[in-house]
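Reader: Hey, I'm new to this one. Can you walk me through it?
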Amino acid sequence: MAYKAGVMGAAGYAGVELVRLLANHPDFTLSVITSDSEAGSPLQDTYPAFFGADVPAFTGHDDPALTECDVVFLAVPHTVSLKYTPKLLAAGVTVVDLSADYRLADPAVYEQWYQVPHTSPELLATRAFGLPELFGEELAQAAAKHQAGEAVLVACAGCYPTATSLAAAPLMRTGLTQGVVVVDAISGVTGAGKKPSARTHFCSANENAEAYGVGKHRHTPEIEQILDAPGRVLFTPHLAPLSRGLLSTVTMQLSPDAKVSAEWLQSMYEDFYAGQPCVQVLPQGTLAKTSSVVGTVRAHVSVVYHETTNCVVALGAIDNLCKGAAGQAVQCANVLFGLNQTQGLPLLGMAV
């Protein structure tokens, strides 16, 4: 059986990545793609890579065909999801939201960081958080509701929080750390979205690496929420001249009485992610890098013990558009519909 899927915001980078994945998915039929700015035009006019592909033309966000879908993926800016998600759920449509609107469990925290009122806080109590490797139980509960006929909402994790949390969570959940968790992360330019800015203009981004949003990036509270580390995360994002890819380096201070070794850390991380097909813990001494995961839904994780400072450095590499956005959204949808979580998703990157 093929399930009808729609993508709202399909003209953006994450949205068109959803189109690429769903167009090749054996169990979803892509029936609606929307973009208010591109409504009425064929997808290949905006993205020539889709010439010859069997995909629908753009329609507007208010296309009633969205309510006929089994699942709608929202790849829209924050606040836009607040407008459409409640309506879709009321129409019986399951929603997988890639925006920030339903990620933060506390609406007051959302309002503090996004400077807008949250208009449907009641949904925060029932939404599942879309990071399967760390919140599998929530997704399983949502899947049970969905398979019982209930429309459900999944709020997918952001790209920086995904790479960071997959790198840090195994150690953070042991309770062996203390103090500030230092996160230095580097993203490709597509992570900034399709709308250009002075920072993402070719002449600014090419041959340049720079930090931005130091101490005030909106992904900070999401990382703290996932890691259960309120007030402890010092997050510094960087922009690099890459199209795709994200590398997060997380430095965690161990408690004075923590007794660890490089071998123990490696074994603990491998056990933590055993059976998780989208996360690969690399062998000891092999460091994660973005080129190995571009185009895939796979995350590569490395862990290093720095004995002199009694710190652990963990690295997470992902494709910001795939595991960091569209691929993770499809992974979550696979779980909701009772499919293998990797169904229709690329796991192997390009060697060169």
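Reader: So how far apart in helix 1 are Glu 17 and Arg 20?
Author: They sit 3 residues apart in helix 1, so about one helical turn separates them. Helices here are DSSP runs of H or I with at least four residues, strands are E runs of at least two, and both are numbered from the N terminus. Before we go on: this is a predicted model, where local features need pLDDT of at least 70, side-chain atom pairs count only at pLDDT 80 or more, and totals for chains, interfaces and linings use all residues. Residues are numbered from 1 along each chain as its sequence is written, and side-chain values use heavy atoms, with hydrogens and water left out.

Reader: Okay, and what do Glu 17 and Arg 20 form?
Author: A salt bridge, with the closest N and O atoms 2.9 Å apart. That term means a side-chain nitrogen of Lys or Arg within 4 Å of a carboxyl oxygen of Asp or Glu.

Reader: Is Glu 17 buried or exposed?
Author: Glu 17 is buried, at 3% relative accessibility, while Arg 20 is partly exposed at 31%. Buried means under 20% relative accessible area, exposed over 50%, and partly exposed in between, using a 1.4 Å probe and protein chains only.

Reader: Which residues are linked with them in a network?
Author: Arg 244 and Asp 319 join Glu 17 and Arg 20 in a network of salt bridges. Asp 319 and Arg 244 meet at 2.9 Å, N to O. Asp 319 is in the loop between strand 14 and helix 10, and Arg 244 in the loop between strand 10 and strand 11, so the pair ties together parts 75 residues apart in sequence.

Reader: Switching topic: what's the volume of the largest pocket?
Author: About 1400 Å³. A pocket is an open set of points on a 1 Å grid over the protein atoms alone, with protein on both sides within 12 Å along at least five of seven lines; a cavity is a set where a 1.4 Å probe fits but cannot get out, and lining residues have an atom within 4 Å of a point. Points are joined across faces, edges and corners, and a volume is the space filled by probe spheres set on them.

Reader: How many residues line the largest pocket?
Author: There are 46, with Val 76, Pro 77, Gly 191, Ala 192 and Gly 193 nearest its centre. Helix 1 gives the most to that lining, with 3 residues.

Reader: And how many cavities does the search find?
Author: Just 1 of 30 Å³ or more. Strand 13 supplies the largest share of its lining, 3 residues.
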